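Got your viewer open and a selection box ready? Load the model below, and we'll walk through it one pick at a time.

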Amino acid sequence: MMTSVDTDLMRVLADPLRLQIVTLLAKETLCSTHLIEETGAKQTNVSNHLRVLREAGVVETEPCGRYTYYRLKPDVIAQLAGQFADLAESARNAADNKRACP
């Protein structure tokens, strides 16, 4: 049973705008223009966050003419969710474990 969580991925998803982008991409594949409209963020800001998400393996791209569409990679999110589920199960199993103070 794994009880550690991918801290690098947690840092990537901890940013509120990146989390908003991930939430939007969970519903549909979008281009950066759509994400700028939906989030109200500036183009350079959205592009920088998309780069971080791409480099972390959270999103993948699909070129479409002069636009690039972004798609969430659900397996990455599912893996993180599984790590948290393992952590919760470990906590349930350890509920009665208490280390004595010296």
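Select Leu-35 to begin: this residue lies in helix H3, where helices (H or I, at least four residues) and strands (E, at least two) are DSSP runs, numbered from the N terminus. Before you click further, note that this is a predicted model, in which local features need pLDDT of at least 70 and side-chain atom pairs count only at pLDDT 80 or more, while totals for chains, interfaces and linings use all residues. Residues are numbered from 1 along each chain as its sequence is written, and side-chain values use heavy atoms, with hydrogens and water left out.

Is Leu-35 buried or exposed? Leu-35 is buried, with a relative accessible area of 0%. Here buried means under 20% relative accessible area, exposed means over 50%, and partly exposed is in between (1.4 Å probe, protein chains only). Now show what surrounds Leu-35: leaving aside neighbours within four places in sequence, this residue is in contact with Ile-21, Leu-24, Leu-25, Leu-30, Gly-40, Val-46 and Leu-50. Contact means heavy atoms within 4.5 Å. For a longer jump, pick Ala-81, which is 46 residues from Leu-35 along the chain; their C-alpha atoms are separated by 24 Å.

**Next stop: H2 against H3**

Select residues 32-39 for H3, and add 16-27 for H2. The two helices pack at an angle of about 115°, with their axes 11 Å apart. If you want to reproduce that, axes are lines fitted to C-alpha atoms, for helices over the stretch in contact, and angles run from 0 to 180 degrees between N-to-C directions. Which residues meet here? From H2 come Leu-17, Gln-20, Ile-21, Leu-24 and Leu-25, and from H3 come Leu-35, Glu-38 and Thr-39.

**Over to H4**

Pick His-49, which is found in helix H4. With a relative accessible area of 10%, His-49 counts as buried. Not counting residues up to four places away in sequence, His-49 touches Asp-15, Leu-17, Arg-18 and Ile-21.

**Back to H1**

Now select residues 7-14, helix H1, and colour the buried ones: Leu-9, Val-12 and Leu-13. They cover an arc of only 90° around the axis, which puts them on the same side of H1; the arc is that of the directions from the helix axis to the C-beta atoms. Why does such spacing work? An α-helix has 3.6 residues a turn, so residues three or four places apart point the same way. Spin round to the other side of H1 and you'll find Arg-11 and Ala-14 exposed. What covers the buried residues of H1? The cover includes H2, H4 (43-55) and H5 (74-93). Before leaving, zoom in on the start of H1, where a side-chain oxygen of Asp-6 reaches to within 3.1 Å of the backbone nitrogen of Asp-8.

**The sheet**

Switch to cartoon and look for the open sheet: three strands in the order S1-S3-S2, with antiparallel pairing. S1 (30-31) and S2 (59-64) are the edge strands, each pairing on one side only. H4 packs on the sheet, touching S2 and S3, and the direction of H4 makes about 115° with that of S2.

Start with S1 and S3 (residues 67-72), which pair in the antiparallel sense over two bridges; two strands pair if DSSP finds at least two bridges between them. Select Cys-31 and you'll see Tyr-69 in S3 opposite, while Leu-30 stands opposite Tyr-70 in S3.

How many bridges join S2 to S3? There are six, and these strands run antiparallel. Thr-61 also stands opposite Tyr-70 in S3. In the hairpin of S2 and S3, with two residues between the strands, click Gly-65 for a positive phi near 65°.

Then try Cys-64, placed in strand S2; its bridge partner in S3 is Tyr-67. At 39% relative accessibility, Cys-64 counts as partly exposed. Draw a distance to Cys-31, 33 residues away along the chain: the C-alpha atoms are separated by 9.3 Å.

**Last pick: H5**

Finish on Asp-86, found in helix H5. Asp-86 counts as partly exposed, at 27% relative accessibility. Put a distance label between Asp-86 and Ser-47: they are 39 residues apart in sequence and 33 Å apart in space, C-alpha to C-alpha.

Key. A polar contact is a pair of N or O atoms within 3.5 Å; within protein, one must be able to donate a hydrogen and the other to accept it, and residues adjacent in sequence count only if both atoms are side-chain atoms.
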